[in-house]
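Here is my note on the model you sent. The points are numbered so that you can reply to each in turn.

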Amino acid sequence: MQTESKPILTIFENKVFRTNFSEINQIQNILLLIHGYTGDENSMWLFGRDVPPNTLIIAPRAPFLSALGGYSWIDEI
């Protein structure tokens with residue numbers, strides 16, 4: 001059976017990411033969603049919509065602001 005996960009915004013040590021951690025009883029799988037240039041933690045969440053139950057989804061936000069909007073994994077300065 002597949003289910004749609006509801007994202008929870010989490011900030012840990014000044015890092016922002018979304019998870020579905022509160023919906024998991026026992027973690028069996030982990031899905032790490034990494035966005036591309038100018039994306040953010042929300043842009044990849046659609047790929048976590050139909051995952052098996054007990055799958056922890058983690059979608060981090062890149063640490064640098066992009067000059068084009070969104071975030072980048074490298075410092076553009």
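**Notes on the predicted model**

1. Start with a single acid. Glu41 is buried, at a relative accessible area of 3%. Please keep in mind that this is a predicted model. The values below are computed from it.

2. What does Glu41 pair with? Arg61 forms a salt bridge with Glu41, and their closest N and O atoms are 2.8 Å apart. Arg61 sits in the loop between strand E4 (55-60) and strand E5 (64-65), while Glu41 sits in the loop between strand E3 (29-32) and E4, so the pair ties together parts that are 20 residues apart in sequence. The two partners differ in cover. Arg61 is partly exposed, with a relative accessible area of 26%, whereas Glu41 is buried at 3%. The count of salt bridges comes to one. As background, side chains of opposite charge can pair when their charged atoms come close.

3. Now look at Arg18, which lies in strand E2. Arg18 is buried yet has no salt bridge. Why does Glu41 not count as a salt-bridge partner of Arg18? Glu41 is the nearest side chain of opposite charge, but it is 4.5 Å away, and a salt bridge needs the nitrogen within 4 Å of the carboxyl oxygen, so the pair is not counted. Arg18 does have a polar partner: a contact of 2.4 Å joins its side chain to that of Asn42.

4. What else surrounds Arg18? Setting aside neighbours within four places in sequence, Arg18 is in contact with Pro7, Ile8 and Leu9, with Glu41, Asn42 and Trp45, and with Ile57, Ile58 and Ala59. Glu41 is thus on the contact list of Arg18, while its salt bridge is with Arg61.

5. On to the overall layout. The chain has six strands and zero helices. Along the sequence the pattern reads β-β-β-β-β-β. Of the 77 residues, 31% are buried. Take the contacts between residues at least 6 apart in sequence: 58% of them join residues at least 24 apart.

6. Which strands make up the open sheet, and in what order? There are four, ordered E1-E2-E4-E3, and the pairing is mixed. Strand E1 (8-12) and E3 are the edge strands, each pairing on one side only. Neighbouring strands of this sheet are turned by 30° against each other on average, direction ignored. In general, strands of a sheet pair through backbone hydrogen bonds, either parallel or antiparallel.

7. Take the E1 side of the sheet. E1 and strand E2 (residues 15-19) pair in the antiparallel sense over five bridges. Ile8 stands opposite Thr19, and Leu9 stands opposite Arg18. The two strands form a hairpin with two residues between them. Check Glu13 in that turn: its phi is positive, at about 50°.

8. Next comes the E2 and E4 pairing. E2 and E4 run antiparallel and are joined by three bridges. Thr19 has Ile58 as its bridge partner in E4. Phe17 has Pro60 as its bridge partner there. Are these strands covered or open to solvent? E2 is mostly covered, with four of its five residues buried. E4 is mostly covered too, with five of its six residues buried.

9. The E3 side completes the mixed pairing. E3 and E4 run parallel, with four bridges between them. Ile30 stands opposite Leu56 in E4.

10. One aromatic residue deserves a look. Where is Phe21? Phe21 is placed in the loop between E2 and E3. Is Phe21 buried or exposed? Phe21 is exposed, with a relative accessible area of 53%. Phe21 still touches Ile8, Ile27 and Leu56, not counting residues up to four places away in sequence. The C-alpha atoms of Phe21 and Ile8 are separated by 7.7 Å, and the two residues are 13 apart along the chain. Two of these partners have come up before: Ile8 stands opposite Thr19, and Leu56 stands opposite Ile30.

Technical notes. Residues numbered from 1 in each chain as written. Predicted model: local features only at pLDDT ≥ 70, side-chain atom pairs only at ≥ 80, totals over all residues. Heavy atoms only, no water. Buried < 20%, exposed > 50% of the residue type's maximum accessible area, 1.4 Å probe, protein only. Pairing = 2+ DSSP bridges. Axes fitted to C-alpha atoms, helices over the stretch in contact; angles between N-to-C directions. Contact = heavy atoms within 4.5 Å. Lys, Arg positive; Asp, Glu negative; His and termini not counted. Polar contact = N/O pair within 3.5 Å; in protein donor to acceptor, adjacent residues only side chain to side chain.
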